[in-house]
Amino acid sequence: MLTLFIFHEKLMNFELSYRRFSEQSILVEWPQNIDEFILKDVLLFKQYLATLDVKSILQINNAYNSLLIIYNFTIDDVYSEITELKTHYRQRNIVKKSNSKLFKIPVCYDEEFGLDLEIISAEKQLPISQIIALHSQVVYTVFFIGFLPGFLYLGGLDKQLHFPRKKNPRQVIKKGAVAIGGQQTGIYPNVSPGGWNIIGNCPLEFFIPKKETPCFASAGDKVKFIPVSRLDYDDIVVKINSGNFIIENEDIDG
Amino acid sequence: MVEVLKAGLFDTIQDLGRNGYQDLGVPISGVMDRYAATLANSILGNTADAAVLESVLVGPQLKFTQEIFICISGADMSVKLNDIEIKTNSIYKVEVGDIIKYGKCKYGCRAYLAVLGGFQTEIVMRSRSMYKEVTALSRIIKGVELPILKLNTNLKPSFSAVKIDNNHFRMTQLNVLKGPEFDKLNVDVQHKLLHTAFTINKDSNRMAYQFDDTLENPLKGIITSLVLPGTVQLTPAGKLIVLMRDAQITGGYPRVLQLTEKSINNLSQQLIGCKIAFKCE
């Protein structure tokens, strides 16, 4: 299955654009769509570049359809760096893909947390139970982490749940708020202002700076939301606080 | 220790920032003006990544509980050592009980206090740079004690000669590269972008600088993509945002320009109300 997939990917070379971004970085862009095949290719190229262990590359960041390659020097000859990157892109298929994980993440969709469930329900003519079902039946892909430390950009939200961001963002959004903004869904890892519509709350910690792995998830991983009751939510909070909660997860083929 | 008797407007410990964690959404942070901070460190003979105290416009009052050599670079905030004004870019020895008071800001807006060996505050994710989500303290407050190294025979200032760029605080022409979405703007907006003096407004801080002026923006948002310190974004309302050192790592506004590293340093010393212009190389 995995071999077949890589074989398939070999056939699919995207038309990439390369350009200088800053004095020390080059931006590589894929077609401008939010698409899982594009993301897979973005991450494949990122992983491949990382395995090459090029000393002059300081950091590689990705978003939905772009890679930013930051060098530890000021680029004098952009053309030659781009040529080198193009060669790497053609050779990227030989990389052995690392396994991704599927995380099962508890979410309480209780009305106490789901401040905007009623508005979405009324506008969409969908019962709240249906919103919860649609939100929790999908396996989401972590596209990248941004906006706030530990904020996962998740792809895969059901079209029926697409809902525009608020015109006037809230000044304070609770830590753990599970929200919908346009075509995207995500979890606020900390208290923050924000314009997304809140439908629930997740008790997990998404960013612990002093841990060796500050965020349990990384780009390419999968996430599924497990609806929990208000009582179960409190129970999980107690377990997390005493260090007795393990996030349920399983290995999956990237 | 260096004891904080009174905090300034916004004092933070900064080094050259946090690399390797942008994948988790963690900003790079670090000193706003790398030129000035590096200058203070190199005058003392510190390594470039030694942590310094960054102050903006109104500085703190500090008491030293041990002897150490210091150097202040960047903005001239009329700093007094025991009531005697001291010069920027010069080495001074402070003794036990000495007090440093920042005064009126004469030019620039960010000052850097370096101590020999660098401030020894906590390292989180390979950096001492203070940032709200990462370090226990997001800024210096009254009563905080900042650890420093003990002066001994192994720790001596090097008195190295440095060249000082006097134009640093006067540079209001910021050198830029074209951003990924620049070519999507119509010629008229492109021209205005490069031929308008923009006025820095009050919503400017370590995360971003913002401006009073408005441009017509024909572009829609982009699919959330990557940004860096120095990225100039154009919002749907036609406002420009120049991302600075504490900027988030992704953004959904069109990226019209990218400041050079030197221009980020120059802009860091420009005050609210000042006018700047972008110059494309």
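Leaving aside neighbours within four places in sequence, Lys178(B) is in contact with Arg19(A), Asp183(B), Val256(B), Leu257(B) and Cys280(B). The list thus holds one residue of chain A, Arg19(A), beside residues of chain B. The model is predicted. The points below cover Lys178(B), Glu181(B), the contact between the chains, and two strand arrangements in chain A.

**Lys178(B)**
- Lys178(B) belongs to strand E12 of chain B.
- Lys178(B) has a relative accessible area of 39%, so it counts as partly exposed.
- Lys178(B) and Lys279(B) are separated by 101 residues in sequence. Their C-alpha atoms are 10.0 Å apart in space.

**Glu181(B)**
- Glu181(B) sits in the loop between E12 and helix H2 (187-195) of chain B.
- Glu181(B) counts as buried because its relative accessibility is 3%, under the 20% cut-off.
- A polar atom of the Glu181(B) side chain lies 2.8 Å from the backbone nitrogen of Arg255(B).
- Beyond neighbours within four places in sequence, Glu181(B) is in contact with Glu29(A) in the other chain. Within chain B, its contacts are Leu219(B), Ile222(B), Pro254(B) and Arg255(B).

**Contact between chains A and B**
- Chain A brings 38 residues to the contact, and chain B brings 34.
- About 2,900 Å² is buried between the two chains. Carbon and sulfur atoms give 59% of that area.
- Glu133(B), Ile223(B) and Leu226(B) supply 23% of the area that chain B buries against chain A. No other three residues supply more.
- There are 3 salt bridges between the chains. Lys46(A) forms a salt bridge with Asp23(B), with the closest N and O atoms 3.0 Å apart.
- Between chain B and chain A, 10 residue pairs are in polar contact, with both residues at pLDDT 80 or more.
- Three strands of chain B each supply at least two residues to the side that touches chain A: E12 (173-178), E15 (225-226) and E19 (255-259).

**Four-stranded sheet of chain A**
- The sheet is open and has 4 strands in the order E1-E2-E4-E3, with antiparallel pairing.
- Strands E1 (17-22) and E3 (57-62) of chain A stand at the edges. Each has a single partner strand, so one side of each lacks a neighbour in the sheet.
- On average, neighbouring strands of this sheet are turned by 20° against each other, direction ignored.
- E3(A) pairs with strand E4 (residues 66-71) of chain A over 5 bridges, in the antiparallel sense. Asn62(A) has Leu67(A) in E4(A) as its bridge partner.
- Helix H2 (residues 36-52) of chain A packs on the sheet and touches E1, E2 (25-29), E3 and E4 of chain A. Its direction makes about 170° with that of E3(A).
- Helix H3 (residues 78-91) of chain A also packs on the sheet, touching E1, E2 and E4 of chain A. The direction of H3 makes about 135° with that of E1(A).

**Hairpin E9–E10 of chain A**
- Strand E9 (residues 177-181) and E10 of chain A run antiparallel and are joined by 4 bridges. Gly181(A) has Gln184(A) in E10(A) as its bridge partner.
- The hairpin has 2 residues between its strands. Gly182(A) takes a positive phi near 65° there.
- In a regular strand, side chains alternate between the two faces of the sheet.
- Strand E10 (residues 184-187) of chain A is covered on both faces. Gln184(A) and Gly186(A) are buried on one side, and Thr185(A) and Ile187(A) are buried on the other.

Definitions and conventions
Residues are numbered from 1 along each chain as its sequence is written. Chains are lettered from A and ligands numbered from 1 in the order in which they are written. This is a predicted model: local features need pLDDT of at least 70, side-chain atom pairs count only at pLDDT 80 or more; totals for chains, interfaces and linings use all residues. Side-chain values use heavy atoms; hydrogens and water are left out. Two strands pair if DSSP finds at least two bridges between them. Axes are lines fitted to C-alpha atoms, for helices over the stretch in contact, and angles run from 0 to 180 degrees between N-to-C directions. Contact means heavy atoms within 4.5 Å. Buried means under 20% relative accessible area, exposed over 50%, partly exposed in between (1.4 Å probe, protein chains only). Buried area is the accessible area (1.4 Å probe) that two parts lose on being put together, summed over both. A salt bridge is a side-chain nitrogen of Lys or Arg within 4 Å of a carboxyl oxygen of Asp or Glu. A polar contact is a pair of N or O atoms within 3.5 Å; within protein, one must be able to donate a hydrogen and the other to accept it, and residues adjacent in sequence count only if both atoms are side-chain atoms.
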